[in-house]
Amino acid sequence: MNREADMEITEETRGNARLFRLQGRLDSNTSPALEQRLAEALSNGTRGVVIDFKHLDYISSAGLRVILKTAKALKRDNGKLLLCCMQDYVKEVFEIAGFDSFLPILPSPEDALREI
Amino acid sequence: MNAQGCLVFELKNDIRELAALSRHVEALGRRAGIPARTLLEVNLALDELFTNIITYGFPQGGEHRIRFHLRADPRRLTIVIEDEGVPFDPVACAPVEAPCPLEERRVGGLGLHLVRNLMDEMSYRRTQGKNVLTLRKRIERQEPPACEAG
């Protein structure tokens, strides 16, 4: 299988926010693609970002770095990053990294979009 | 030592080899009946260490091999990683800071922070021009391992 295809990203605009849905594995192979898509959204003026992790099976520190970088960039511009629907294992990795202390993880995309 | 619970393989210093790494870990896990959660944690720890080796280990470039030995005993998984990269002791690396405000977060050392939390033991030695890292992880089984015929 083509490694690039190990993660699929879909995105849509919901009100003032941009909703990203991830599927597959977010590791050092696939994280540059997500980094680029998020950077494009931010450079187009998006200030509210929701990332839906429902179908994400795996995350490594390379993926966490992209999330942290995006959170910092949005905060600088008075924007907001919210995460939702994390599988238990992915959530565990967020907790070990301590990211759950500054990034809210919500139960559904609707809950996250309401907070934007 | 049960031959079914042993696996030795080599990967090139190429990030695309991550797919092969996870396939090997899963194959051993199936053979040795290791719980899925434990396998995911081991997979992540090895991903982080392998990514570190290929990112920082060979500043001169070129193709190199990284060797993995995995051994699954009934209650413990032992992993040895050998590489001929620049000397690097992940055990001696300082842990990342305690949780702090977003603006102050640094990303350096995050991978090793995950490894330290996911594995139960980690020891390092430099020998014959190689980094040799030994990792141990307890296997928490819900029930006794099933006996496999054949």
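When I say that two residues meet, or are in contact, I mean that they have heavy atoms within 4.5 Å of each other. Keep that in your head, please, and keep in mind too that this is a predicted model.

Okay, let's start where the two chains come together. Take helix 2 of chain A, residues 61-76. Which residues of helix 2 of chain A meet helix 3 of chain B? They are S61(A), L64(A) and R65(A), and on the chain B side they touch L110(B), G111(B) and L114(B). If you sort that contact by class, you get three nonpolar, two polar and one charged residues. The two helices pack at an angle of about 130 degrees, and their axes are 9 Å apart. Angles from 65 to 115 degrees would count as roughly perpendicular and those over 145 as roughly antiparallel, and helix 2 of chain A and helix 3 of chain B are therefore oblique to each other. As for handedness, the crossing is right-handed.

Now stay on helix 3 of chain B, residues 110-118, and look at another partner, helix 3 of chain A, residues 88-97. Here the angle is about 110 degrees, with the axes 10 Å apart. That makes this pair of helices roughly perpendicular. This crossing, of helix 3 of chain A and helix 3 of chain B, is right-handed. From chain A we have E92(A), V93(A), I96(A) and A97(A), and they meet L110(B), H113(B), L114(B), N117(B) and L118(B). Six of the residues in that contact are nonpolar, two are polar and one is charged. You may recognise L110(B) and L114(B), since both also turned up in the contact with helix 2 of chain A.

Next, the sheet in chain A. It's an open sheet of five strands, in the order 1-2-3-4-5, and the pairing is mixed. Why does one side of strand 1 and of strand 5 have no neighbour in the sheet? Strand 1, 7-14, and strand 5, 105-106, stand at the edges and each has a single partner strand, so one side of each is left free of a neighbour. For strand 5 of chain A, look at strand 4, residues 80-84: the two run parallel and are joined by two bridges. One pair to find on your screen is C84(A) with its bridge partner L106(A).

Helix 2 of chain A comes back here. It lies across strand 2, strand 3 and strand 4 of chain A, and it runs at about 145 degrees to strand 4. One more residue before we leave this chain: S31(A), which sits in helix 1 of chain A, residues 31-43. Is S31(A) buried or exposed? Buried means under 20% relative accessible area, and S31(A) comes out at 5%, so it is buried. Setting aside neighbours within four places in sequence, S31(A) touches L26(A), A62(A), G63(A) and V66(A).

Over to chain B. Its open sheet also gets a strand count, five, but the order is 1-2-3-5-4 and the pairing is antiparallel. At the edges stand strand 1, 6-12, and strand 4, 121-127. The twist averages 15 degrees from one strand to the next. On top of that, helix 1 of chain B, residues 18-32, lies across strands 1, 2 and 3, at about 175 degrees to strand 1.

Let's zoom in on strand 3 of chain B, residues 76-83. Seven of its eight residues are buried, so the strand is largely enclosed by the rest of the structure. On one hand, strand 3 is joined to strand 2, residues 65-72, by six bridges, and those two run antiparallel. A hairpin of three residues links strand 2 to strand 3. On the other hand, eight bridges join strand 3 to strand 5, residues 130-138, again antiparallel.

A nice residue to click on is I81(B). It is the bridge partner of F68(B), and in strand 5 its bridge partner is L133(B). Then there's V80(B), which stands opposite T134(B) in strand 5. T134(B) has a relative accessible area of 13%, which makes it buried. Apart from neighbours within four places in sequence, T134(B) contacts T78(B), I79(B) and V80(B), along with E121(B), M122(B) and S123(B).

That's my tour, thanks for listening!

Key: Residues are numbered from 1 along each chain as its sequence is written. Chains are lettered from A and ligands numbered from 1 in the order in which they are written. This is a predicted model: local features need pLDDT of at least 70, side-chain atom pairs count only at pLDDT 80 or more; totals for chains, interfaces and linings use all residues. Side-chain values use heavy atoms; hydrogens and water are left out. Axes are lines fitted to C-alpha atoms, for helices over the stretch in contact, and angles run from 0 to 180 degrees between N-to-C directions. Helices (H or I, at least four residues) and strands (E, at least two) are DSSP runs, numbered from the N terminus. Angles under 35 degrees count as roughly parallel, over 145 as roughly antiparallel, 65 to 115 as roughly perpendicular and the rest as oblique. A crossing is left-handed if the near helix is turned anticlockwise from the far one by less than a right angle, and right-handed if clockwise. Ala, Val, Leu, Ile, Met, Phe, Trp, Tyr, Cys and Pro count as nonpolar, Asp, Glu, Lys and Arg as charged, and the others, Gly among them, as polar. Buried means under 20% relative accessible area, exposed over 50%, partly exposed in between (1.4 Å probe, protein chains only). Two strands pair if DSSP finds at least two bridges between them.
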